[in-house]
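Biologist: I am new to this model. Please pick one chain and give it a close look.

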Amino acid sequence: MLQVENVTIGYGKTEVVHNISFHVKKGEIITILGANGAGKSTILNTIVGLHQAKEGSIRFQDKEISKARPDQLVQNGMRLVPEGRQIFPQHTVMENILLGAYIEKNAKKIHSRLHSIFERFPRLEERKNQMGGTLSGGEQQMLAIARALMTEPSLLILDEPSLGLAPIIVGEVFALLKQISSSGVTVLLVEQMANSALKISDRAYVLETGRIVLEGRGEEIRNNADIAKAYLGNV
Amino acid sequence: MKRKSAISVSSIILSLTLLFTGCSSSDDTAKEASSKPKEIVIGNIGAMTGSSATLGKAQSQGVDLAVKEINADGGILDAKVKVVSRDDGADPTKSKTFVEELVDKEKVDFMVGPTNSTPAAASMAYLQQNKIVSILPIATSTQLINPNNPYAFRLIASNAIQAEAIVKLAVEEKYKKIVLVADTSALGTDGMSVMKESMKKYGVTPAATVTYKADDADMTPVAEKIKDAKADVALFWTLGADGAKIVRSLERIDYINDLDIIGYTGLVMPNFKELAGPGADKVTVVSAGSWALEPGKTELAPKYWEIYQKLIAEYGEKDKRDTSASIIASGYDAVYLLKWAIEKAGTTDSEKVKQVLETDIQEFDSIYANHYEFSKKSHEGFPVSDLVKSKMDDMAYGELYKKAE
Amino acid sequence: MQEIVTALANGSIYALMALAIGIIYSTTQIINFAHGSVIMIGAMTSYWLLSIFHMNYFTAILLAVLINIILSMVIYKVSVEKLGDLTQNSSWIVTLFGAGIILDNTARILFGTEPKAYPFLFDGHVISIFGTKIMIHEMMMILVAVIIGVLYQIVIQKTNFGRAVRAVSFRPDTARIMGIRSNRIVLMCFAISGAVAAISGALIAPITFASYTMTYSVGIKAFAAALIGGLGNTKGAFIGGISLGLIEGIASMIVPGGLKDAISFLIMIIVIIVLPGGILSAKLFTKGELKTEKI
């Protein structure tokens, strides 16, 4: 579904990501692990079109997308849930969700998706007229995911969904991702919280200072304590 | 390094200065020697492009016509007259550069212009240093004529003269409550202070003085203040568009009928009536008396009428040119004044020409003002008495004022 | 009384002009320095259509609005979009100033230097209310400003486009991953800003006369009003505009006319120092609302 080949990314003259390759197959949950500053967010922002790669190719559903605009990618079924959730704090919950469906012009579709979103997230329906900024961290993460689901993406990309959340909420989030995945959505995840992420992952890549240093099945990497210590610090 | 270059720059400047001083002093001796000149060069600087273009063009038309006539008639002291013209676009920096060029390279003996006051002020020092007798046919700023500019002579009515004339008219016509109105620009402040001085001279206290910011959107407060002072005449030292706005505000608050307005020449603009509305009928301005038609007449006095016909023959009727006849006449008079003074002095020597202008001016037969009033004390030529009250928006032939009754 | 009505009418137009500046500022964080010129072009083109082609008021202003929309979009395309990330690049100061100068000079050549008498709505008809003469035109100035202001708030609060504008102004990159083309939204904001500028220029031109110098005589008030109300705060723009109108009106009653602008700008500076976010950022107005964590 997604092939990243020999991609190099930089800001100005500084290269942040060096010649990395990885791929995501349809239906998988893939995790990219890495410490702070390893270049994880840079990779994701490049995939979704916010940033342009210097070299290499990115293919999505067999189409070259390294020059595509974010809106085109959203149209083609790719969605990013950004780091820190980035809820619009002065938009109501409802407005946040509707913004997620910005490219969808069909009112009927919006209506039915809204319906299923509220079924899945009853808390959000309770709070739909509240400002986004008044929600708790966990609720904001739900909102950010709900917002992304409004276009029924085929590939959902999440940038550190566990960041800043209480452990019990993190568990909820990952359970939700598992559930979303089982409904047919491919999931690409970037995380520092290796343990919970690896539990639900089919495969994982380990990223260190802009290079992929390890690749394997989720279980394998999780069970290999040495690797975990060497590359991921405390797990 | 920096210090070194600063020193070398200053030494270059110093040597250049010495060079120029050297030049000008040798010029002086040259001028003294040439009592029988081969060619007389007159510089002509004015704004011929930009928003004051009509002034520079009018001055040039006057100068060119006079020089053409004089050369056809044998020149001045048997020497041909050459005009060197420059367009300063009303920009003082350009004007100063052109004056330096004309003096240093073109070796002009006399100067007409610059047309606009700020460029004239910027250029004046260099002309004085080089003792170039300069005739100002158009610039009106009061400060241009002062003891520091001993070689400058002005033909047009300066701001001070206009202010005095406006005040004089108001006093002579026995208005009871006079209100002075001016904007806060340099021009307006100058006008306001000279109007106040003239009021003092005639022993009258203004009922109110009203100032406003030039080009301001809303003139209602100005109108209200005129009304509050119960004025029967307002003396307008305002530019056209602002004056029109005030007139309209006065009409709006129902005061225009209780008021007469006398303005200085800056108030004049082609579409004043259109901007001001019906209240424009209450507005008069001062203008050069010799170039204004007597009530009921269709021609100027014969001397001026003849010149007017000549200007039309040369440059066409008003609708064929954007310049105004009386301003062309002022430029034309500037050259004839120089001719007369040089011939009377028998030389182009600045000191002698200056002296003639100061002492014998009553002998000169002028065609712009009805006479000029130069003296050792004052180089303001235009007589207060030759400024008359004219109708604002009713001109003959598109350019000649009609005197108000 | 007369002065207050006039001040309110002028203040409404200042408010419209400030709104137009705010619309652009809110989504881009840049101040459109060409805005004064755009207002002037709106006034001059509608005058031109009224007087040369003898169009009726409505058609002339409509066409001027269209011309201004195109003009503003061109300004965006040429002097803003090409610069890329505006937070990294402050060249917009130069390019927008430059665009303004080009417009001013073009207007001077096309329309001449002489101020033109711009007709009042309803032929300047005056009605008397409690002895105060009020021009219908002045009432229209206030009315149109209020209508546009309310309309803008409805669009911005209730429509898909409005949500997107607010999203872009708050988090442009997040807006982009929602599938919103931020550049499109900004382009639309320039267009709306141009349209509002045309209307404000056309409404104030009968009072100031139409002339290429409106850029400075009128345009400068737009920036003052925008700053008093809080840059980018489109509700504040109205407070800013009306306050500026009233400050001017009251100041010119009690001080010599020439000092009026000095006083208005002094107040502007005080507001900026005391309340950097504009009048609406005062505690009095924010109540319990959450603090905006602007990024």
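Modeller: What follows takes chain B, starting with how it stands to its neighbours.

The model is predicted, so local features need pLDDT of at least 70 and side-chain atom pairs count only at pLDDT 80 or more, while totals for chains, interfaces and linings use all residues. Residues are numbered from 1 along each chain as its sequence is written, chains are lettered from A and ligands numbered from 1 in the order written, and side-chain values use heavy atoms, with hydrogens and water left out.

Begin with the neighbours. Chains A and B do not touch. Their nearest C-alpha atoms are 35 Å apart. Two pairs of chains do touch, and of these 2 pairs, chains B and C have the most contacts. Contact here means heavy atoms within 4.5 Å.

Now look inside chain B. It splits into two domains, with bounds from an automatic or database domain assignment. Domain 1 of chain B covers 2-159 + 323-384. Domain 2 of chain B covers 161-293 + 388-402. The C-alpha centres of these two domains lie 32 Å apart. Where they meet, 19 residues of domain 1 of chain B are in contact with 15 residues of domain 2 of chain B. About 1,300 Å² is buried between them. Carbon and sulfur atoms give 56% of that area. (Buried area is the accessible area, with a 1.4 Å probe, that two parts lose on being put together, summed over both.) On the domain 1 side, B:Asn159, B:Ala325 and B:Val384 lose the most area to domain 2 of chain B. Together they make up 46% of what that side buries.

What kinds of link join the two domains? There are 0 salt bridges between domain 1 and domain 2 of chain B. (A salt bridge is a side-chain nitrogen of Lys or Arg within 4 Å of a carboxyl oxygen of Asp or Glu.) Polar contacts are found in 12 residue pairs across this interface, both residues at pLDDT 80 or more. (A polar contact pairs N or O atoms within 3.5 Å; within protein, one must be able to donate a hydrogen and the other to accept it, and residues adjacent in sequence count only if both atoms are side-chain atoms.) Helix α11 (residues 325-345) of chain B gives the most to the domain 1 side, with 3 residues. (Helices, H or I of at least four residues, and strands, E of at least two, are DSSP runs numbered from the N terminus.)

Turn to the outer contact, with chain C. Chain B brings 26 residues and chain C brings 33 residues. The area buried between chain B and chain C is about 2,300 Å². Carbon and sulfur atoms give 50% of it. B:Ala217, B:Arg248 and B:Arg252 supply 27% of the area that chain B buries against chain C, more than any other three residues.

Chains B and C share 2 salt bridges. One of these links B:Arg252 with C:Glu138. Their closest N and O atoms are 2.7 Å apart. Polar contacts join 3 residue pairs across the interface of chain B and chain C, both residues at pLDDT 80 or more. On the chain B side, the elements that give two or more residues are β7 (208-212), α7 (220-228), α8 (240-252) and α9 (272-276). Helix α8(B) gives the most, with 5 residues.
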